[in-house]
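Colleague: I would like a close look at a single part of this protein, the place where one helix packs against its two partners. Could you take me through that part with care, and set it against the whole chain?

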Amino acid sequence: MHSIEVHNLTKKFSLHRGLFDFVADPLNKDEITSLEMINLQVREGEVFGLLGPNGAGKTTLIKILCTLSFPSTGAAMVNGYDVLKESRRVRESIGYVTTDERSFYWRLTGRQNLEFFANLHNYYSKKAQNRVSELLSIVNLEKRADDPFLSYSAGMKQRLAIARGLINDPKVLFMDEPTRSLDPRAAQDARDFIHDYIVSEQEKTIFLSTHNLNEAEQLCNRIAILDEGKIKVSGTPQELKSSLGDNSTLGDVFAFYSGKKLEEERPPKSSFMKEMRFRHRGGMGMGR
Ligand SMILES: Nc1ncnc2c1ncn2[C@@H]1O[C@H](COP(=O)(O)OP(=O)(O)OP(=O)(O)O)[C@@H](O)[C@H]1O
Ligand SMILES: [Mg+2]
């Protein structure tokens, strides 16, 4: 069975125009095409990666699949539900992990934030408290759970975002650049956690976006290369590399199909993740 199916999906945005432009030329409709005729299928239990540079359309596609935005044309099904006609069902069956810090309440603690989002998933009182405590333990944040979100490091914020995405025990987890703004060590720990806990232990289907070649290769069973709103090619990392011949890298594949080089992101200067690394203990805890 397919967890995600996308058919001929296109997304266009109208660009805002000033009043003067509108009066001067009311029929002129400036549009930007973010996604063009996207077709893809993700199998249950698969880790599927959208690999693409800035502006490729990764967030736009994830937002449509999470029912946060509408397609202009085309259709998409998630867990068997239509993203347009059955959006509530889709939302009940998915989790969404975004690095957008503005989606948290900065003055509330990590625990209060999670309890708020648990309420939105219809977890109340004791049930919400228990679920939140369990998740804080899973992402190794119990010790800082009662500190305000604004005092968290980038890595801690990201771990809280992952915990939030898991609140409703979703079948499919969408992760938009899950290691963005983490230092290399913290990014690797996050990838280990995703692989060891979310994929191997919890057996969730994951749809993630990244512009990191290593991340795509390490985590994903299959990859689609997205550039300028179009899927250039898709397949397993091995299939894609083999198609270009021996010793080819995923970077070569990206360059071949997009005509561009995908730059590796340079690690951030600060390394404030040292003491708060993702650590997977196995079972429900983390810490090595
Ligand atoms: N609300 C919007 N209004 C107008 N244009 C938009 C809007 N959202 C996205 N776009 C445009 O759609 C294109 C794809 O953007 P998107 O954010 O999906 O790319 P991305 O692959 O997620 O990039 P990044 O790696 O920087 O996050 C860009 O050209 C962007 O400017
Ligand atoms: Mg994005």
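Modeller: What follows is an account of helix α4 and its packing partners, with the chain as a whole before it and the ligand shell after it. Please keep in mind that this is a predicted model.

The protein chain holds 10 helices and 10 strands. Its radius of gyration is 20 Å, close to the 19 Å that the globule rule gives for 288 residues, so the chain is as compact as a globular protein of that length. Taken along the principal axes, the C-alpha atoms fill a box of roughly 55 × 55 × 45 Å.

Now to the helices. Two packed helices are described by the angle between their axes and the distance between the axes. Helix α4, residues 110-120, and helix α5, residues 125-138, have axes that come within 9 Å and cross at roughly 125°, which makes α4 oblique to α5. The crossing in which α4 passes α5 is right-handed. On the α4 side the contact involves Gly110, Arg111, Leu114, Glu115, Ala118 and Asn119, and these meet Ala128, Gln129, Arg131, Val132, Leu135 and Leu136 in α5. Sorted by class, the residues of this contact are six nonpolar, three polar and three charged.

The other partner is helix α6, residues 154-166, which packs with α4 at an angle of about 25°, the axes being 10 Å apart. With angles under 35 degrees counted as roughly parallel, α4 and α6 are therefore roughly parallel to each other. Here too the crossing has a hand, for α4 passes α6 in a right-handed crossing. Gly110, Asn113, Leu114 and Phe117 of α4 make this contact with Leu160, Ala163 and Arg164 of α6, and by class the contact of α4 with α6 has four nonpolar, two polar and one charged residues. Gly110 and Leu114 are thus named in the contact with α5 and again in the contact with α6.

For the ligand, the residues around ligand 1 are Phe13, Ile32, Ser34, Gly52, Asn54, Gly55, Ala56, Gly57, Lys58, Thr59, Thr60 and His211. Two or more residues of this shell come from each of β2 (31-43) and α2 (58-65), and α2 gives the most, with three residues. The shell divides into three nonpolar, eight polar and one charged residues.

Key: Residues are numbered from 1 along each chain as its sequence is written. Chains are lettered from A and ligands numbered from 1 in the order in which they are written. This is a predicted model: local features need pLDDT of at least 70, side-chain atom pairs count only at pLDDT 80 or more; totals for chains, interfaces and linings use all residues. A residue is near a molecule or strand if its C-beta atom, placed from the backbone, lies within 6 Å of it. Helices (H or I, at least four residues) and strands (E, at least two) are DSSP runs, numbered from the N terminus. Ala, Val, Leu, Ile, Met, Phe, Trp, Tyr, Cys and Pro count as nonpolar, Asp, Glu, Lys and Arg as charged, and the others, Gly among them, as polar. Axes are lines fitted to C-alpha atoms, for helices over the stretch in contact, and angles run from 0 to 180 degrees between N-to-C directions. Angles under 35 degrees count as roughly parallel, over 145 as roughly antiparallel, 65 to 115 as roughly perpendicular and the rest as oblique. A crossing is left-handed if the near helix is turned anticlockwise from the far one by less than a right angle, and right-handed if clockwise. Two residues are in contact if their C-beta atoms, placed from the backbone, lie within 7 Å. The radius of gyration is taken over C-alpha atoms; the globule rule is 2.2 Å times the number of residues to the power 0.38.
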